[in-house]
Every structure is written in C-alpha cells, then in structure tokens.
Amino acid sequence: MIRLAILADLHANLAATLAVHADLQRRGLTDIWILGDLVGKGPRPREVLDWAQAHATRVIQGNWDARVAGATHRPQDLWPRSRLTPAQLTYLGELPYGIEEQFGGAWWRFVHASSRGLFHRLYPHSSLHDQLEAFAPNAQHGLTQHADALVYADMHEALLLDVEGRPLINCGSVGNPLDSTLPCYLILEFDPHSPNHTATFVRLTYDRDEEISAAEASDMPFTREYVAELLTGAYQKRRARTGE
C-alpha cells in the first residue's frame with residue numbers, strides 16, 4: 001500500500017505541528033505532503049517552516065504563504081515576514097500551486113484553496129457547478145488533468161463529499177482548526193493495482209497552553225483573535241484596532 005500523510009494550515013503553530021509529527025512517527029508515516037499555509041496567524045513561523053523543510057516530502061503554496069512572501073502587506077503579513085530569512089521567503093514564494101499524481105490509474109489533485117486560485121474558496125455548500133469545476137484542468141496553474149479526486153485545505157474543516165462519484169476531501173487544519181479545537185490531518189492509503197483507497201482523519205491533543213504562552217509572549221498582531229480560535233475553534237474576524 002501507498003500511505004500518505006496529508007497536512008495543511010499549520011499556521012505557525014509549533015506545538016500542534018510537533019504533536020502531529022510525533023503521531024506520524026508512531027504510525028510509521030514518512031511520506032508527508034503539506035497543502036499550504038505553513039505560516040501566518042501563529043507566533044513561530046520560522047520554527048514551523050524549518051520543520052516543514054526538514055520533514056515534508058512535498059509542499060504546495062497556501063494563500064498565507066503567498067501573502068507573507070510578499071503578495072500583500074497587512075500587519076499579519078508583515079510580522080511573520082520579519083521573522084523569516086530571505087531564503088525562507090523565497091522558498092514560500094516559489095512553492096508550486098498544486099500536485100497531480102496518479103494512484104491506481106486514477107488522477108488525484110492536491111491544491112490549497114481550489115483549482116481556480118489561491119484566494120478562491122471552495123465551500124461544502126458551493127454549487128454543484130463550482131464543485132465539478134474544481135476537477136477540471138486549469139492550465140494557468142499547471143493543472144492539466146481531468147481529476148478523478150480532489151484533496152484541498154483552506155477551510156480548516158475536515159470534509160469528505162462525493163461529487164457525482166468523485167471524492168472531494170478537505171484534510172482539515174493542523175494549527176488552526178475551525179471545526180474543533182483539536183488538530184486534524186488526513187491519511188490516504190492507495191492500492192497501487194486498483195483505484196481503491198481509504199481516507200482516515202486523525203485528531204489529536206497537543207500542548208495548547210504552551211502555544212498560547214508563546215503567542216502571548218510575542219509581539220505579533222491579533223494575538224487575542226489567535227488565542228480565541230485555539231480555545232474555541234471558532235473563526236475570529238481580524239480588524240485593526242486603534243486607541244489600545
């Protein structure tokens with residue numbers, strides 16, 4: 001069997017990332033694919049990026065990776081940018097858009113947000129037309145195949161749908177889950193001789209208090225919102241505050 005660990009949305013949460021790493025080691029999973037958003041939101045972008053570069057087999061770009069690398073200049077982009085080396089910023093900026101790979105004769109596509117663009121969201125309630133379009137080629141982003149299955153991230157919510165016979169899977173978030181307070185990643189297992197596969201979601205605990213302490217000890221923007229998300233698993237809108 002071919003076994004892949006699919007991680008995404010680490011968001012500079014080192015405590016959660018290391019907890020997932022320990023679980024991967026326990027399970028003997030060494031083929032680690034990261035579907036973007038290594039940095040942003042959390043307090044330790046350099047450490048998480050160091051971990052990814054040391055251990056990940058394949059990595060694609062997320063929207064926060066592109067923003068921190070220079071696509072936008074919000075306070076939440078500038079702070080992690082200042083913590084990374086020029087080489088790390090170049091690495092983030094040059095990550096590929098997606099992966100297309102055949103397993104058992106079926107084409108599997110892996111992207112961060114959708115097949116249309118880094119900043120285009122594919123929701124569970126998106127129309128059937130939009131969901132089917134996600135499997136179509138998009139030469140602009142180097143997606144050349146008619147995908148038989150799609151794995152993505154960005155929503156921070158684990159998901160498995162059948163779209164007219166095609167699996168649509170969201171791997172959930174390691175560092176910033178918004179459907180639970182527990183980190184989530186995906187294990188995919190493939191039979192190399194058939195299109196059969198299994199998809200298993202893994203949730204685990206981690207030292208959340210240590211991560212919160214690291215955030216509160218930093219001078220990163222939107223610490224309050226970040227901590228609230230870790231504690232509740234509910235998205236917090238980030239707006240610049242003045243007069244504080």
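A residue counts as buried when its relative accessible area is under 20%. I apply this cut-off throughout to what is a predicted model.

**Entry: strand β6**

I began with β6, residues 149-152, and asked which of its faces are covered. Both are: Ala149 and Val151 are buried on one side, and Leu150 and Tyr152 are buried on the other. I note that side chains in a regular strand alternate between the two faces of the sheet.

**Entry: the neighbours of β6**

I then looked up the strands that pair with β6. Strand β5 runs parallel to β6, and three bridges join them. Strand β8, residues 166-171, also runs parallel to β6, again through three bridges. Which residues stand opposite Val151? I found Phe110 on the β5 side and Ile169 as the bridge partner in β8.

**Entry: from β5 to β6**

I followed the chain between these two strands. β5, helix α6 (residues 128-133) and β6 make a β-α-β unit, and I recorded the unit as right-handed.

**Entry: strand β5 and the hairpin**

Why is β5 described as largely enclosed by the rest of the structure? The strand covers residues 106-111, and five of its six residues are buried, so the description follows.

I next turned to strand β4, residues 98-103, which pairs with β5 in the antiparallel sense over six bridges. Within this pairing, Glu101 of β4 stands opposite Trp108 of β5. The two strands form a hairpin, with two residues between them. In the turn I checked Gly104, whose phi is positive, at about 60°.

**Entry: helices α1 and α2**

Finally, I examined how helix α1 (residues 14-27) packs with helix α2 (residues 45-55). Their axes lie 9 Å apart, at an angle of about 25°. That angle is under 35 degrees, so α1 is roughly parallel to α2. I recorded the crossing of α1 past α2 as left-handed. Which residues make the contact? From α1 I listed Leu14, Thr17, Leu18 and His21. From α2 I listed Glu47, Val48, Trp51 and His55.

**Entry: recapitulation**

I close with the strand pairings. β5 pairs with β4 in the antiparallel sense and runs parallel to β6, while β6 in turn runs parallel to β8.

Conventions:
Residues numbered from 1 in each chain as written. Predicted model: local features only at pLDDT ≥ 70, side-chain atom pairs only at ≥ 80, totals over all residues. Heavy atoms only, no water. Buried < 20%, exposed > 50% of the residue type's maximum accessible area, 1.4 Å probe, protein only. Helix = DSSP H or I, 4+ residues; strand = E, 2+ residues; numbered from the N terminus. Pairing = 2+ DSSP bridges. Right-handed = clockwise from strand over helix to strand, strands pointing away. Axes fitted to C-alpha atoms, helices over the stretch in contact; angles between N-to-C directions. Parallel < 35°, antiparallel > 145°, perpendicular 65-115°, else oblique. Left-handed = near helix turned anticlockwise from the far one by under 90°. Contact = heavy atoms within 4.5 Å.
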